[in-house]
2 protein chains.
Amino acid sequence: MTSTTASSASSELALSPASSASSAPSASSASSASSASSASYASSATPAPATSASSSLAAKASGTNTQPVPVNPPHISLLEAPEIGTASAAIETPALVLDLDIARRNIERMQRATSAAGVKLRPHAKAHKCPDISRLQLAEGAVGICCQKVSEAIPFVAAGIRDIHISNEVVGAQKVRQLAELASEVRMSVCVDDPMQIDALAVATVVAGSTLGVFIDIDVGQHRCGVSTLEQAVALAKLIVAHPQLELRGIQAYHGSNQHQRSPEERNRTAGHAAKIAGEMAQGLRAAGFPCDTITGGGTGSAEFDFAHGVYTEIQAGSYVFMDADYASNIYTGELTFEHSLFIASTVMSVAVQGQVVVDAGLKSMSVDSGLPWIWEQGQRSIALTYAGASDEHGVVRPLNAEQAPSTGSTEPTGSSGSTTSSASAPASVDDRSLPPLGTQILLAPGHCDPTFNLYDRLIVVQDERVADVWPIAARGMSW
Amino acid sequence: MTSTTASSASSELALSPASSASSAPSASSASSASSASSASYASSATPAPATSASSSLAAKASGTNTQPVPVNPPHISLLEAPEIGTASAAIETPALVLDLDIARRNIERMQRATSAAGVKLRPHAKAHKCPDISRLQLAEGAVGICCQKVSEAIPFVAAGIRDIHISNEVVGAQKVRQLAELASEVRMSVCVDDPMQIDALAVATVVAGSTLGVFIDIDVGQHRCGVSTLEQAVALAKLIVAHPQLELRGIQAYHGSNQHQRSPEERNRTAGHAAKIAGEMAQGLRAAGFPCDTITGGGTGSAEFDFAHGVYTEIQAGSYVFMDADYASNIYTGELTFEHSLFIASTVMSVAVQGQVVVDAGLKSMSVDSGLPWIWEQGQRSIALTYAGASDEHGVVRPLNAEQAPSTGSTEPTGSSGSTTSSASAPASVDDRSLPPLGTQILLAPGHCDPTFNLYDRLIVVQDERVADVWPIAARGMSW
């Protein structure tokens with residue numbers, strides 16, 4: 001769908017909401033199907049009151065004075081897609097923006113280094129959830145992709161990607177069935193760390209008539225998933241090879257938290273420890289007569305060390321294409337450094353409170369789990385402004401190094417757990433002329449790229465200060 | 001669309017991805033439209049290399065070995081919708097689940113208290129983005145709804161809701177035009193705190209031929225948006241009434257951070273201060289000859305105090321329907337308390353690391369800006385288990401009051417800014433028999449309901465331990 005078409009749909013919807021919705025079946029039709037009043041998750045100490053107001057709510061809700069709700073009408077979520085050629089400064093905000101030339105340089109740099117190390121690159125799609133980005137990576141030499149959940153893989157299969165590793169355990173009947181069905185279409189693999197997972201995979205692949213690759217997940221120090229002894233790994237290997245439709249392809253040895261250690265010495269040391277465990281596990285499995293062709297793991301923060309330790313055959317990095325404030329806070333001393341290509345375009349929408357401005361991008365436009373975003377100016381982190389606090393749809397921007405409280409208003413505390421603030425406080429006598437005026441577009445580098453991508457339906461691709469393309473973030477929200 | 005239909009679409013897609021996608025136009029067709037190599041946001045110190053590999057990437061990406069990507073195909077995002085009647089324990093996870101009977105009790109309780117205070121209730125839809133919930137609120141007596149962004153209002157207009165206040169400033173040509181168009185369909189209003197906003201609204205409403213309500217936004221202590229002096233408010237009022245198609249309806253006086261102060265005395269004191277400022281502003285505007293019929297503001301944490309201070313004519317609360325771990329951390333001493341109705345259903349997907357289990361809901365299934373979720377058991381916060389850390393798609397669950405490091409694995413630090421951890425650390429000699437086994441469904445009460453709703457396309461509505469309905473979170477992602 002072109003952005004022109006999307007704009008047309010927008011106008012039509014705004015002017016004729018009833019007719020737009022009339023062809024969609026009611027999503028509320030079953031809301032009175034159950035008349036029971038007991039609350040499944042409620043404490044038994046608080047029984048539901050049997051008032052007539054309560055019992056008639058569902059009936060009222062499906063009354064005739066409202067129109068049926070379309071189920072996630074796709075034309076609505078595409079309303080603001082900019083037309084190709086739009087000046088990047090005119091993109092309606094908030095919007096997730098990719099500088100394509102920078103992203104390409106990052107993709108080339110990682111592929112070159114990985115190939116030079118004699119290792120395969122299987123970039124992680126959980127970072128972006130966007131098949132168009134995977135295509136760039138595959139075109140450059142990646143052997144396939146990783147996904148973190150079964151549903152996440154579906155849009156990538158639909159986009160024609162033929163080799164996907166689910167770098168995670170999968171538990172749940174519907175998920176396992178879907179995985180087995182996907183494996184009948186494309187080359188798929190998955191991780192296990194428990195015999196029950198293998199049993200479920202074996203049954204589902206027989207039903208689907210598919211062959212599925214299996215990796216034994218090894219805990220190399222993160223202490224999240226994965227087995228920690230050779231005895232456990234051998235026991236799982238025995239169960240896997242008992243099923244001819246399950247192919248034991250090797251081990252996964254991923255250390256997620258090591259990616260974010262700031263010191264390169266720490267990352268190298270931890271990566272070395274992980275590689276040592278992984279190498280011993282692989283050797284032990286082979287000595288016990290099991291195949292272990294692939295040792296997969298590693299990430300943007302550890303890749304250069306993973307290459308050097310010479311154990312991994314495949315690297316799962318993802319964030320290197322984009323960078324984020326957290327990854328940029330690592331110290332890099334080697335050649336494998338990357339540039340910021342991903343930004344949230346925001347707009348100054350209030351300048352009423354002295355000593356600050358407010359932008360229109362908050363908690364619903366970025367994930368702050370790894371910290372607040374950086375303001376991006378002139379190709380680098382701003383030396384003048386800081387994003388000082390986020391609430392649902394607002395971001396407070398203040399001059400950097402401001403040291404005192406605002407001179408306007410009352411003495412109420414401004415901090416709260418309902419809004420996330422940095423340690424920077426507001427200035428008393430800032431020169432407001434140095435703050436950007438109402439309507440200014442402000443670029444933000446997100447704190448954590450992966451969950452930020454997961455908030456957007458599309459990626460605005462920019463080249464030469466213009467919108468060059470709009471790519472669907474097709475796996476957005478696909479977390480099961 | 002019923003869940004049965006969604007399931008059919010699922011099977012079809014998995015088996016025939018190419019045919020599913022073939023009718024969608026390519027989203028990549030314009031990716032080579034711009035051949036310029038300069039990077040709009042890049043530092044000039046890092047020019048783009050002019051290698052042939054780089055310049056041919058776009059061409060390779062639109063090559064013939066991949067199928068076109070459907071633009072957010074709606075049948076994919078609905079894959080896992082459970083059928084009506086499914087046992088709640090069998091819901092595929094992660095899923096956002098609403099206990100309907102509890103939600104109804106909360107809706108009734110707030111409406112009863114608001115009506116008893118002689119105040120109007122205009123519940124905030126930014127909390128849930130789900131028109132079906134607004135319908136329940138309107139059926140119970142709400143006068144309309146609030147939205148925080150223009151795009152957020154669109155699915156509610158499409159759902160037949162006829163009175164919407166945008167409780168925020170709106171800056172941006174496309175947004176303002178859309179707002180003016182919506183105002184020709186339903187009763188709309190918006191906030192201003194700057195003359196330029198009024199100018200833009202005046203032009204757009206003339207073009208659209210619509211009438212738009214306008215509220216002057218007052219800073220009552222939060223120091224986010226809003227003017228702080230009567231002179232500023234009067235100046236804005238003069239500009240507004242100069243345009244007959246703009247209706248000055250009153251003032252907005254919202255103190256967001258006060259909603260989350262733990263002490264009821266603090267909330268009461270801050271609410272009293274906000275009410276005093278709001279009352280003086282309203283009186284001053286009226287004395288200057290301007291209308292000020294409505295004073296809107298307040299929220300779940302302050303409503304009981306806002307009623308008592310007698311200044312607000314309209315309350316904007318939203319979270320009261322659901323509660324979350326943050327709101328539940330407030331201390332409530334009055335009658336206006338609410339029960340948890342909103343949960344994330346998750347599943348134990350790894351039990352391999354001693355002393356903990358891992359669930360399949362992480363940063364992409366909940367917002368952790370206001371803290372990690374609570375584990376919910378037997379109608380209350382678990383006294384046995386705690387959600388100790390989140391990464392993108394994982395949550396680590398440990399016994400409560402565990403005090404020592406895990407006995408397995410290496411000595412690497414487990415904390416990192418790439419994963420969010422609580423202060424609880426792992427146990428040394430926990431009895432693993434007390435931990436839930438693989439496949440167990442675990443309910444989580446999210447830390448912050450608003451941005452958590454924004455991660456899901458649908459709400460699974462449960463009554464009597466069964467799925468009673470599936471409601472679209474139709475404004476999910478609508479942040480412009």
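User: Is the crossing of helix 6 of chain B and helix 7 of chain B left-handed or right-handed?
Analyst: Helix 6 of chain B crosses helix 7 of chain B in a right-handed sense; that is, the near helix is turned clockwise from the far one by less than a right angle, whereas anticlockwise would be left-handed. This is a predicted model, in which local features need pLDDT of at least 70 and side-chain atom pairs count only at pLDDT 80 or more, while totals for chains, interfaces and linings use all residues. Residues are numbered from 1 along each chain as its sequence is written, and chains are lettered from A and ligands numbered from 1 in the order in which they are written.

User: At what angle do the axes of those two, helix 6 and helix 7 of chain B, cross?
Analyst: The axes of helix 6 (residues 100–116) and helix 7 (residues 131–140) of chain B cross at roughly 40 degrees and come within 10 Å. Axes are lines fitted to C-alpha atoms over the stretch in contact, with angles running from 0 to 180 degrees between N-to-C directions. Helix 6 and helix 7 of chain B are therefore oblique to each other, since angles under 35 degrees count as roughly parallel, over 145 as roughly antiparallel, 65 to 115 as roughly perpendicular and the rest as oblique. Helices here are DSSP runs of H or I with at least four residues, and strands are runs of E with at least two, numbered from the N terminus.

User: Which residues make the contact of helix 6 with helix 7 in chain B?
Analyst: Helix 6 of chain B contributes B:Arg104, B:Ile107, B:Glu108 and B:Gln111, and helix 7 of chain B contributes B:Leu136, B:Gln137 and B:Glu140. Contact requires C-beta atoms, placed from the backbone, to lie within 7 Å.

User: Now helix 12 of chain A. How far apart are its end C-alpha atoms?
Analyst: The end C-alpha atoms of helix 12 (residues 264–287) of chain A are 34 Å apart, which agrees with the 34 Å that its 24 residues should span at 1.5 Å a residue. The expected span is 1.5 Å times one less than the number of residues.

User: What do the buried residues of helix 12 of chain A pack against?
Analyst: They pack against helix 11 (230–241), strand 7 (246–252), strand 8 (294–297) and helix 13 (303–309) of chain A. Among the buried residues of helix 12 of chain A are A:Asn268, A:Ala271, A:Ala275 and A:Ile277. A residue is buried if 20 or more other C-beta atoms lie within 10 Å of its own, exposed if 12 or fewer, and partly exposed in between. Just after helix 12 of chain A, A:Gly289 has a positive phi of about 95 degrees.

User: What share of chain A is buried?
Analyst: Of the 480 residues in chain A, 64% are buried. Chain A has 15 helices and 19 strands.

User: Different topic. Where is A:Gly355?
Analyst: A:Gly355 sits in the loop between strand 10 (342–350) and strand 11 (357–359) of chain A. With 23 other C-beta atoms within 10 Å, A:Gly355 is buried. Its C-alpha lies 6.6 Å from that of A:Arg398, 43 residues away in sequence.

User: And what joins A:Thr93 and A:Pro94?
Analyst: A cis peptide bond joins A:Thr93 and A:Pro94, with omega about -5 degrees. A:Pro94 lies in the loop between helix 5 (74–77) and strand 1 (95–99) of chain A.

User: What is phi for A:Glu465?
Analyst: Phi of A:Glu465 is positive, about 65 degrees, although the residue is not a glycine. A:Glu465 counts as partly exposed, with 14 C-beta neighbours inside 10 Å.

Terms used. Contact = placed C-beta atoms within 7 Å.
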